[in-house]
Amino acid sequence: MSLLRAIELRLVAVPLVRPFRTSFGEETVKEAVLCRVETDDGEGWGECVASPDPGYSEEFNASVWLVVRDHMAPRLLAAEELSAERLGEALAWIRGHRMAKAMLEMALLDAELRAAGKSLADRLGAVRDRVECGVSIGIAQTTEELLEHVSGYLDEGYRRIKLKIEPGTDVERVRAVREANPDVPLSVDANAAYSLEDAGALRALDAFDLLMIEQPLPHEDLVDHAKLQRELRTAVCLDESIRSAADARAAIELGSCRIVNIKQGRVGGLLEAVRVHDVCRAREIPVWCGGMLELGIGRAANLALGGLPGFTLPGDTSASRRYFEDDLTEPFVMAADGTMGVPRGVGLGVVPRPERLEACTSRVELLRPI
Ligand code: NPG
């Protein structure tokens, strides 16, 4: 337990090496909210996974800033004692806003663990020293361009390819990639772009020996996902639909998926992510660590989480250079065998490089007790 003295919010923007397009939009720059907490134990960093627009979830960077500044920070800064473990309880009165909560929890965990001289990986229960890396490939302009991207990433060593898909180009693109790479572990991600009525294309994808079809239907449709899963040989994986351990239990019991993508930001923090992992593991549902184009702080957290025993499939835990020429932290580098080390330094194991951080920052606000 410690006393929270200040929360510093920061808006940063770092160019992406190539635009990233999904069925809900395109990003050319990674814009994110970071926070630094000061406690009487020391300081800690957190990164929020929200995007500039509310396309993937209801949250977006401006909403994160406001909800932290006007609703979360005043309560937390007034608390006599606080810990990462107690944060969920202290903020339970605020419905949703999981990405904002997750950022604050990450920063508190980092501060606590640094003070205790312990790594996040140890705190969460990581059993692995290295994780297997997959890569997520945005929707390309043409099939030729997509094939080039796929073979470039395979040459770098990535162990699983995930293709973003949307209605219209899906079957042709996946067929081309599968024909060119018959043995590569391949999955697709629809980001909720289909409905049960137009699931013909999803049935056609069943022929390509995919590892999984991720989030085909809208995020609130657990029942329709269960219907679809019964019709498909390929495993359905849920991402947007799973916002908590309770959601994971419901989805598994309904038969809505056979695989779960875990993103700490989407479920409200690393501690809930561990609970989602535990629910899935107890029911023998494999999980993997999703990605939200994280900068170094968030990437470090994902690597620590990906070290837990139930993470048996390669994650979207790609090397920093897949997204950024010059990250805010020292970059995470993937070995030629397609694996990356779980950070074992104290806390998150990384901190932003001060000069790079300043160069990428467009807005800062320091919140203190009133
Ligand atoms: O490697 O970090 C990564 C990106 C993986 O495809 C990826 N993320 O829908 O899972 C997703 C998608 C995403 C990116 C979602 C950014 C929201 C924002």
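Asn191 sits in the loop between β7 (186-189) and α7 (200-205). The model is predicted. In it, the phi angle of Asn191 is near 45 degrees, a positive value in a residue other than glycine. Most residues other than glycine have a negative phi. Is Asn191 buried or exposed? Its relative accessible area is 8%. The cut-off for buried is under 20%, so Asn191 counts as buried.

Leu293 gives a second case. This residue lies in the loop between β11 (287-289) and α11 (296-305). Its phi is near 55 degrees, again a positive value in a residue other than glycine. Leu293 has 8% relative accessibility, so it counts as buried.

**Around the ligand**

Asn191 and Leu293 also appear at the ligand. Which residues come nearest to the ligand? Of the 17 residues around it, they are Ser136, Asn191, Lys263, Leu293 and Tyr323. Three side chains place a polar atom by a ligand oxygen, as the table sets out.

| Residue | Distance from a polar side-chain atom to a ligand oxygen atom |
|---|---|
| Ser136 | 2.6 Å |
| Asn191 | 2.7 Å |
| Lys263 | 2.7 Å |

How much of the ligand does the protein cover? On its own, the ligand has 430 Å² of accessible area, and the protein covers 99% of that. The shell around the ligand is mixed. Six of its residues are nonpolar, four are polar and seven are charged.

**The nonpolar cores**

Now turn to the cores. In soluble globular proteins, nonpolar side chains tend to be buried together. Here, the largest nonpolar core holds 122 residues. Which members touch the most others? They are Ile7, Val68, Leu163 and Leu205. Helix α3 (residues 98-116) supplies the largest share of this core, with 10 residues.

Take Leu205 as an example. Leaving aside residues up to four places away in sequence, Leu205 touches Ile165, Asp170, Val171, Val174, Val188, Leu210 and Ile213. Leu205 also falls within the range of α7 (200-205), the helix at the far end of the loop that holds Asn191.

There is a second core, separate from the largest one. How many residues does it have? The number is five, and among them are Met212, Ala235, Cys237 and Ile259.

**Putting it together**

Asn191 joins several of these threads. It is buried, its phi is positive, and one of its polar side-chain atoms lies 2.7 Å from a ligand oxygen. Leu293 is buried too, has a positive phi, and is one of the residues that come nearest to the ligand.

Methods
Residues numbered from 1 in each chain as written. Predicted model: local features only at pLDDT ≥ 70, side-chain atom pairs only at ≥ 80, totals over all residues. Heavy atoms only, no water. Core = buried A, V, L, I, M, F, W, Y, C linked by side-chain atoms within 4.5 Å. Buried < 20%, exposed > 50% of the residue type's maximum accessible area, 1.4 Å probe, protein only. Helix = DSSP H or I, 4+ residues; strand = E, 2+ residues; numbered from the N terminus. Contact = heavy atoms within 4.5 Å. Near = heavy atom within 4 Å. Polar contact = N/O pair within 3.5 Å; in protein donor to acceptor, adjacent residues only side chain to side chain. Areas by Shrake-Rupley, 256 points an atom, 1.4 Å probe, with all protein chains shown as cover. Nonpolar A, V, L, I, M, F, W, Y, C, P; charged D, E, K, R; others polar.
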